[in-house]
4 protein chains.
Amino acid sequence: MIVMAAQATPEQVQAVLDKVRELGLAAEVSHGTERTVVGVLGHETESVVDALSLLEGVERVVRVLHDYPLASRDFHPQDRVIELANGVRLGGDGVLVMAGPCAVESRAQLQAAAEAVAAQGVRVLRGGAFKPRTSPYTFQGLGEEGLLLLRQVADQLGLAVVTEVLAPEDVELVAAHADMLQIGARNMQNYRLLQACAQVERPVLLKRGMSSTVEEWLQAAEYILAGGNLQVALCERGIRSFEPAVRFSLDITSVPVLKRLTSLPLVVDPSHAAGRHEYVPAIALAAVAAGADGLLVEVHPKPAEALSDGAQSLSPSAFAELMGRARRVAEAVGRELR
Amino acid sequence: MIVMAAQATPEQVQAVLDKVRELGLAAEVSHGTERTVVGVLGHETESVVDALSLLEGVERVVRVLHDYPLASRDFHPQDRVIELANGVRLGGDGVLVMAGPCAVESRAQLQAAAEAVAAQGVRVLRGGAFKPRTSPYTFQGLGEEGLLLLRQVADQLGLAVVTEVLAPEDVELVAAHADMLQIGARNMQNYRLLQACAQVERPVLLKRGMSSTVEEWLQAAEYILAGGNLQVALCERGIRSFEPAVRFSLDITSVPVLKRLTSLPLVVDPSHAAGRHEYVPAIALAAVAAGADGLLVEVHPKPAEALSDGAQSLSPSAFAELMGRARRVAEAVGRELR
Amino acid sequence: MIVMAAQATPEQVQAVLDKVRELGLAAEVSHGTERTVVGVLGHETESVVDALSLLEGVERVVRVLHDYPLASRDFHPQDRVIELANGVRLGGDGVLVMAGPCAVESRAQLQAAAEAVAAQGVRVLRGGAFKPRTSPYTFQGLGEEGLLLLRQVADQLGLAVVTEVLAPEDVELVAAHADMLQIGARNMQNYRLLQACAQVERPVLLKRGMSSTVEEWLQAAEYILAGGNLQVALCERGIRSFEPAVRFSLDITSVPVLKRLTSLPLVVDPSHAAGRHEYVPAIALAAVAAGADGLLVEVHPKPAEALSDGAQSLSPSAFAELMGRARRVAEAVGRELR
Amino acid sequence: MIVMAAQATPEQVQAVLDKVRELGLAAEVSHGTERTVVGVLGHETESVVDALSLLEGVERVVRVLHDYPLASRDFHPQDRVIELANGVRLGGDGVLVMAGPCAVESRAQLQAAAEAVAAQGVRVLRGGAFKPRTSPYTFQGLGEEGLLLLRQVADQLGLAVVTEVLAPEDVELVAAHADMLQIGARNMQNYRLLQACAQVERPVLLKRGMSSTVEEWLQAAEYILAGGNLQVALCERGIRSFEPAVRFSLDITSVPVLKRLTSLPLVVDPSHAAGRHEYVPAIALAAVAAGADGLLVEVHPKPAEALSDGAQSLSPSAFAELMGRARRVAEAVGRELR
């Protein structure tokens with residue numbers, strides 16, 4: 001819809017109509033009491049919007065349609081469900097917990113973390129082999145060795161593995177070892193990586209960019225869906241705000257917003273938002289109550305010795321306590337914690 | 001703590017020490033491998049920080065202590081509880097629901113709303129008689145007439161009344177009719193109003209400014225506490241973010257953060273954050289699960305006819321459903337909904 | 001304009017049309033290929049938008065018209081000019097510098113600051129007598145005594161006075177001594193104060209709220225204009241962002257945006273945005289280059305001894321240097337520094 | 001520096017000291033009147049901070065040192081200068097303009113844009129061959145063909161070429177044709193790409209992430225510097241804010257902040273911040289006045305027909321007018337526009 005300026009002349013309105021037709025679209029004019037509005041019929045792409053907004057006498061152009069057809073709930077009204085290799089399901093009526101250390105540091109550390117989370121009934125192990133780090137001088141992950149450890153430890157315990165992939169050239173390697181590929185917040189708009197993940201037969205967990213809008217996030221998911229991989233889940237992990245007390249502010253409001261706009265499963269990561277382990281349980285319980293389909297939680301056998309994100313990792317005992325509480329909250333909202 | 005620049009000279013360090021002593025404070029020097037740090041012993045006020053940061057060779061000054069002694073949990077480790085006139089308690093082991101229309105529009109509207117919320121067990125009626133509105137051309141509230149209606153309707157049903165006060169000159173009037181004074185987000189740093197509310201014997205519900213940090217919010221509470229009124233509760237109502245899908249983003253993370261920093265009761269307003277009624281229940285349940293001590297919910301007998309904030313008001317039936325779910329979530333986290 | 005959901009039925013569209021007519025407005029329907037859009041003719045108020053957005057089948061309602069008729073450039077296409085008591089003009093072809101201390105601390109301090117700025121050709125003295133402070137434990141200003149000092153010192157030097165007013169009950173007092181009333185960022189939406197300032201014959205300098213949108217800012221200005229005071233100038237002073245390196249991020253983009261939307265004079269305050277004196281000159285020069293009509297700069301004779309905001313105040317010599325550079329930049333963009 | 005909680009016991013302080021020593025660092029204790037502070041001597045990495053913050057009785061850990069040694073001005077106090085292949089210099093006493101179309105669309109379009117900017121004295125041609133686009137359904141660039149066109153057109157006119165590289169696997173190809181590699185905002189923390197750009201002998205223009213802090217931006221630059229490529233320039237292009245009137249809010253304050261923290265050259269992109277061509281000149285002039293070392297401006301021969309970002313591109317005539325004004329502002333601040 002094209003809103004004309006208050007002073008727009010009839011000639012300017014006509015020029016807009018001509019341009020719309022030149023672009024192969026149809027138009028209708030509404031003469032309001034204070035503004036004339038031209039409605040464009042058909043799907044306006046971004047360059048159409050740009051072209052029209054530059055014409056003389058145009059105040060602004062408002063887009064009516066969203067730009068993520070495959071991700072939208074219109075396209076797939078029922079909640080979508082992703083089934084992982086070991087049979088666990090993300091989406092639908094359960095709440096799936098995925099837990100493990102931030103980074104894979106050693107077999108002993110991973111084994112201890114995996115056993116601790118499996119003991120609480122967790123069926124999906126998380127853990128980073130390739131780590132994106134803000135500073136070049138910090139631990140960057142074990143790479144392929146970490147992937148092998150994840151696979152071995154998970155197989156012993158019957159767990160599925162979700163782990164981050166950082167670059168297009170690693171997608172095949174990670175897909176060979178993991179059951180679900182995680183795309184991190186910093187890479188949400190790394191389109192080459194999204195396209196590479198669209199080419200493999202593995203579900204993808206797409207984290208929200210730290211200051212991406214919900215619409216941009218769904219457009220990023222659309223890259224994977226449009227590329228042919230329909231198994232996409234979203235992961236809210238906190239947005240950048242002005243508040244210095246936390247690393248990120250979890251956008252709990254995004255849970256009902258996304259449930260309205262899309263039927264893709266939605267996971268919440270309370271660990272990165274909090275930045276401190278004391279805050280993790282409250283945020284995790286809030287996510288379950290709000291309607292999230294899953295939780296992604298960092299658990300470390302000895303948080304004080306972690307090479308990465310120790311401050312926000314739960315100890316095994318704190319995690320066990322959280323699981324008990326999360327189970328009760330899930331039941332209170334009519335769902336089952338898995 | 002004063003961090004000296006890498007190139008700071010011994011003379012510059014000495015000048016800092018001299019200044020600290022001139023200000024009546026003591027200092028200790030640490031010579032690190034890359035920076036010299038001067039620790040200041042004693043309470044640094046803002047002007048001390050400013051003065052020290054201006055000295056030659058100073059890179060930056062870091063404050064160690066917070067500036068809200070009375071609001072802090074250090075001062076009052078146990079959770080504080082506020083008892084309203086009708087005996088209901090905010091804070092402690094229950095979760096208190098305060099509900100009613102955004103604005104008082106008429107006796108019939110208020111009566112219908114009050115009966116609807118009372119029927120669900122609500123004991124505190126909310127409703128605005130003085131409304132702060134972004135545009136001067138919209139309904140600004142009934143003023144004193146609204147207060148009288150609130151009092152009458154509440155008394156019939158045994159409810160307590162919480163309502164907003166907009167200006168220092170209205171504090172006495174509002175306190176004469178209401179059981180709890182609400183200070184809105186736009187007025188969180190209206191210091192004259194805070195000081196006026198410190199002078200009356202009414203509990204105060206202080207909403208967070210739309211982009212105030214948790215620390216600024218506690219400093220605003222400190223104005224009321226330091227002025228002699230110790231009955232202060234906080235109300236999170238969403239912060240301004242870049243996300244256009246909602247009016248405000250509820251900062252759920254502030255719940256555990258505040259529980260750590262302060263023992264003042266904490267209420268969450270899901271209605272203003274959401275901006276749309278469909279999103280209210282999910283946010284409200286999240287708040288209860290995260291540990292909020294209360295909810296402030298907008299309920300209107302006929303939302304589509306509301307003069308203010310209709311889009312975010314719950315209908316009586318939607319509110320009834322929310323209450324049932326909130327009660328179950330409260331129980332799941334070991335609390336009772338009141 | 002009302003965008004219907006993809007699945008909206010003809011009955012739902014009809015119900016929307018009926019509601020629009022019931023509200024006394026006219027409507028037109030456009031059937032697009034993917035969505036039906038209902039255009040509403042006439043001025044939609046906020047409650048109309050709310051009411052329509054609640055109807056079944058409505059996806060969202062987009063407002064076409066702004067809500068600040070008197071502030072808009074449509075209403076007054078030519079740049080507006082405000083003339084102060086001593087004949088200096090804000091707006092139009094010059095760039096007006098207003099300078100002085102953050103707070104009036106003493107006659108000696110004010111005198112020294114005023115002489116320093118007057119020596120650089122400045123004709124408007126700024127200085128706070130009533131100070132809004134984040135913490136209740138810091139210096140709150142000299143009050144009426146400060147106003148008297150401002151008036152006396154300004155009169156000696158032929159300067160006009162701009163100073164902040166904090167509360168409605170102080171408006172008359174401040175107006176009796178000052179030539180221009182400043183409304184601070186924290187009070188931008190203190191509507192009672194805006195209305196009180198509309199009642200006096202003094203120009204008003206309205207600072208932007210720290211996280212107010214340009215539209216909300218213009219709506220706040222509209223309160224003053226609609227109340228009968230047409231002499232309003234705006235003051236950009238930085239917005240809250242996620243960046244910890246500065247107190248506020250100056251929104252330089254707001255300068256051309258406002259120049260398009262409104263013809264009210266626009267002042268920039270580089271001191272509060274920067275939070276550190278080293279950053280003030282660069283921001284001030286940027287504001288002049290971008291097209292600001294004025295600067296509001298903090299100057300203190302001895303910044304290290306200031307009771308308020310010392311870290312961001314310029315010394316007299318730094319201010320003198322800035323004035324020389326600002327004069328050259330103003331000339332480079334075809335304006336004269338006053 | 002480690003700030004202990006008010007209630008910390010002597011045993012807890014001792015445990016902190018033991019841990020610091022275990023980590024191979026030295027410590028000093030300051031007993032303040034209200035808090036005990038432990039100063040750690042030596043370079044604290046992120047994992048050290050995490051480990052210490054988890055100990056009992058620790059309130060918080062404050063980092064004193066930054067984490068970008070090579071990027072810092074401490075390391076290289078003089079302004080750094082980058083010389084491109086055709087002899088033009090970025091950094092130092094001039095202000096370098098880099099201009100051209102958002103995307104390379106065709107030889108004719110590129111030729112017209114390049115001639116238009118060269119006619120104004122511009123020596124560096126910008127243009128995208130690989131385009132990161134929010135939606136998968138929009139034009140994604142000509143790829144290698146675009147690179148060849150850029151090289152040919154630039155060579156005819158004696159221009160250097162700066163163009164974006166999207167993925168590690170393209171770095172060699174882009175470096176074979178371009179004189180400077182641009183890393184876009186969405187890829188600022190694509191560490192694999194940063195590392196790949198560190199391996200080639202081409203200067204890198206690193207754009208700021210849309211919500212990255214200045215510190216994170218310098219840490220991203222550090223990846224390239226630490227990888228062996230010392231020719232890095234920064235490009236401010238606007239940050240995400242709550243303001244809907246613009247696409248991004250240009251953070252003009254970052255100019256003086258960066259000039260203090262680093263000696264790397266700093267470019268400003270006014271086109272992406274503005275999102276509308278009308279706003280570009282004001283922002284560009286502000287950047288020059290504030291001290292930027294360069295401008296990156298989008299110019300399109302026919303903006304209304306652009307396939308990408310048409311709304312924010314300047315026409316050749318608008319660009320010519322901007323160049324004249326920018327030249328005068330540069331001279332006003334003692335620099336020469338190149």
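**How the strand and the chain relation are assigned**

Colleague: In this predicted model, what makes S13 and S14(D) of chain D a strand pair?

Modeller: Strand S13 (residues 266-268) of chain D runs parallel to S14(D) and shares 2 bridges with it; since a pair requires at least two bridges from DSSP, the two strands of chain D count as paired. Within this pairing, D:Val268 lies opposite D:Leu295 of S14(D).

Colleague: Which sense and how many bridges describe the pairing of strand S7 of chain D with S14(D)?

Modeller: Strand S7 (residues 94-100) of chain D is joined to S14(D) in the parallel sense by 5 bridges, where at least two are needed for a pair; as part of S14(D), D:Val297 is the bridge partner of D:Ala99.

Colleague: Why is S14 of chain D called mostly covered?

Modeller: A residue is termed buried when 20 or more other C-beta atoms lie within 10 Å of its own, and in strand S14 (residues 294-298) of chain D 5 of its 5 residues are buried. From S14(D), D:Gly294, D:Leu296 and D:Glu298 point one way, while D:Leu295 and D:Val297 point the other way, and all are buried. In a regular strand, side chains alternate between the two faces of the sheet.

Colleague: How do you know that a two-fold axis relates chain B to chain A?

Modeller: A turn of 180° with a shift of 0.0 Å along the axis lays chain B on chain A with an RMSD of 0.0 Å, and that is the relation of a two-fold axis. The same surface serves both copies, because 100% of the contact residues of chain B recur in chain A.

Terms used. Residues are numbered from 1 along each chain as its sequence is written. Chains are lettered from A and ligands numbered from 1 in the order in which they are written. This is a predicted model: local features need pLDDT of at least 70, side-chain atom pairs count only at pLDDT 80 or more; totals for chains, interfaces and linings use all residues. Copies are superposed by least squares on the C-alpha atoms of residues with pLDDT of at least 70 in both. Two residues are in contact if their C-beta atoms, placed from the backbone, lie within 7 Å. A residue is buried if 20 or more other C-beta atoms lie within 10 Å of its own, exposed if 12 or fewer, and partly exposed in between; C-beta atoms are placed from the backbone. Helices (H or I, at least four residues) and strands (E, at least two) are DSSP runs, numbered from the N terminus.
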